[in-house]
Amino acid sequence: MRTTSGATAVQVVWSSRRGSREIEHLGSAHDEAELEALKAAAQQRIAAGQLELALGLEPAGRGPLPITSSWMGHLVDALEHAYRVLGLEEAAGGDEVFRHLVLARIIEPVSKLDSLRVLEEAGVAPASYPTLKRRLPVYAEEAWRRRLSAACAAHAGLGPASLVLYDVSTLYFETDAGDGFREPGFSKERRLEPQITIGLLTGQDGFPLMVSAFEGNKAETKTMLPVIEKFMAAHRLPDVTVVADAGMISEANQKAIEAAGLSFILGRKVPGVPYQVAQWRWEHPGEEIPDGHVFTQPWPAGPSWQRRDQWIYYQYRADRARRTLRGIDEQVARAAKAVAGLAPVKRNRFIALGGAVKSVNRDLEARARTLAGIKGYVTNLAACPDGTPVTADFVIGSYHRLFEIEKSFRMSKSDLQARPVYHRKRDPIEAHLTIVFAALAVSRWIEARTGWSIRKFVKTARRYRTIEIQAGRQTITAAHPIPDDLRQALDAVNRDN
């Protein structure tokens, strides 16, 4: 309790017990009757002049006071605050079931049925499971997802030529047969089971803007343009600057992006030694390229070419070269063993097969060593989003922001358990991904505000609960005292700006 009299009452109990122990120590020289008399006298003297605090408590000896309710007040309040700040409450039309499913996904990602248990443990009164199942198809509707995406885009403050990151991943299913949506395809995890392909569009800080699901056998390069065009149309954006990895871009895909009038910063494959690199090495024989050196190659558009002028930047990094050369050494060594018959022939680019004859492809090895440490970047930007001239540092730095979208994918797969284990049909899968999308937005916002990972924030905050205790006719509210670091994190979440 927080009253002064309550604190005094606690002190009285402690003092009386201490006095009793001291009298018991002396009571070895007295008989039992005299000892009890001394205890009573000591009790009266210790409590002399103090008022009795009437709490309406039951007499001692009838067991501990009952806890009538307990909830994760700090955690739930913080998550709901983030949900409202991002505009998701308004976008969802105040749908309580959806909000509860998003909270449960962040607190403990489990099945929809088990999420009711998570909510009850958090102190939130959940809807019934039949109600949850009845609402779930609504969350798969395009209009519902579009409103959530609009809320996230508004929070991100996107404008003309804003940087957006795009990448894809796959989610597999533990089944043998495909059904037109869940289909076997290229898997980054090298799995053979049916899967779906997920395209994620984020801001330059990894904050989610749109998520789309595609058939598992759909080529990654064919997912990007539909997602971006849909996003731009929904939010009336005349242009965005797309940042994507080289693996996402085929030649046909890049032409389609150009035809759509989009700006881009893309990773570029370097199949051969660029002219600028070869020229530098010819002018500096025997020298190593300085770490971080950038070679610039203008690539103007011809009169009949339906594209803008482009610039290609080739950057050399010594650390990247060391890692690449170490990998080449290992692959060449394995290739040599396979050629000598000391190891089975496996997938290895340095093994040349000419009929039944195997050999180590030394020309390919020499070319790979020459290119070690060099990475290419291409853009068609005429100016940066803020109007300043385009520089190599801006282009390369923007490309390296892709680690943010990779982080978002990791969060969705690990912290939020995005793989729809308990769903089989397309609509429930789409609804599940919509919940994960909203949970990812809340999680990224919490992380940006606190500097903590969402896992650390949830794990820490959920331990500090608020409880209500029934003491006779009185209800007492109590809470675990929270440490300073959590207090600072909660203050960062709840501040207005």
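## Contacts of Phe457

In this predicted model, Phe457 is in contact with Leu75, Ala78, Ile446, Thr450, Trp452, Ala489, Leu490 and Val493, when residues up to four places away in sequence are left out of the count. Phe457 also belongs to the largest nonpolar core, which has 123 residues. Together with Phe98 and Tyr139, Phe457 touches the most other members of that core.

## Nonpolar cores

Which helix gives the most residues to the largest core? That helix is α16, spanning residues 426-450, with a contribution of 13 residues. A second core is separate from this one and consists of nine residues, among them Ala335, Ala338, Phe350 and Leu364.

## The eight-stranded sheet

Eight strands make up an open sheet with mixed pairing, in the order β4-β3-β2-β5-β6-β11-β8-β7. The edge positions are taken by β4 (208-215) and β7 (294-299). Each of these two strands has a single partner, so one of its sides has no neighbour in the sheet. From one strand to the next, the twist averages 20 degrees.

In general, the strands of a sheet pair through backbone hydrogen bonds, in either a parallel or an antiparallel sense. At one end of the order given above, β7 pairs with β8 (residues 310-316) in the antiparallel sense, over six bridges. Within this pair, Thr296 has Tyr313 of β8 as its bridge partner.

At the other edge, helix α16 lies across β4, and also across β2 (162-172) and β3 (195-203). The angle at which α16 runs to β4 is about 155 degrees.

## Internal cavities

How many cavities of 30 Å³ or more are there? The count comes to four. The largest cavity holds about 150 Å³ of space. Its lining is made up of 14 residues, and those nearest the centre of the cavity are Ile198, Val211, Phe409, Ser412 and Val436.

Four elements each give two or more residues to the lining of the largest cavity: β2, β3, α15 (402-415) and α16. Helix α16 provides the largest share of that lining, with four residues. The helix that gives the most to the largest core thus also lies across β2, β3 and β4 and has the largest share in the lining of the largest cavity.

## Positive phi angles in two loops

Most residues other than glycine have a negative phi. Two non-glycine residues with a positive phi are described here. Arg236 has a phi of about 55 degrees. Arg236 is located in the loop that runs between α9 (224-235) and β5 (240-244). Is Arg236 buried or exposed? Its relative accessibility is 75%, and because exposed means over 50%, Arg236 counts as exposed.

Gln417 also has a positive phi, of about 50 degrees, and is not a glycine. The loop that holds Gln417 lies between α15 and α16, two helices that each give two or more residues to the lining of the largest cavity. With a relative accessible area of 39%, Gln417 is partly exposed.

## Glu229 in helix α9

Glu229 is a residue of helix α9. At 40% relative accessibility, Glu229 counts as partly exposed. Along the chain, Glu229 and Ile257 are 28 residues apart. In the model, their C-alpha atoms are separated by 9.7 Å.

Note on methods
Residues are numbered from 1 along each chain as its sequence is written. This is a predicted model: local features need pLDDT of at least 70, side-chain atom pairs count only at pLDDT 80 or more; totals for chains, interfaces and linings use all residues. Side-chain values use heavy atoms; hydrogens and water are left out. A nonpolar core is a set of buried Ala, Val, Leu, Ile, Met, Phe, Trp, Tyr and Cys residues joined through side-chain atoms within 4.5 Å. Buried means under 20% relative accessible area, exposed over 50%, partly exposed in between (1.4 Å probe, protein chains only). Contact means heavy atoms within 4.5 Å. Two strands pair if DSSP finds at least two bridges between them. Axes are lines fitted to C-alpha atoms, for helices over the stretch in contact, and angles run from 0 to 180 degrees between N-to-C directions. On a 1 Å grid over the protein atoms alone, a cavity is a set of points where a 1.4 Å probe fits but cannot get out, and a pocket is an open set with protein on both sides within 12 Å along at least five of seven lines; lining residues have an atom within 4 Å of a point. Grid points are joined across faces, edges and corners, and a volume is the space filled by probe spheres set on the points.
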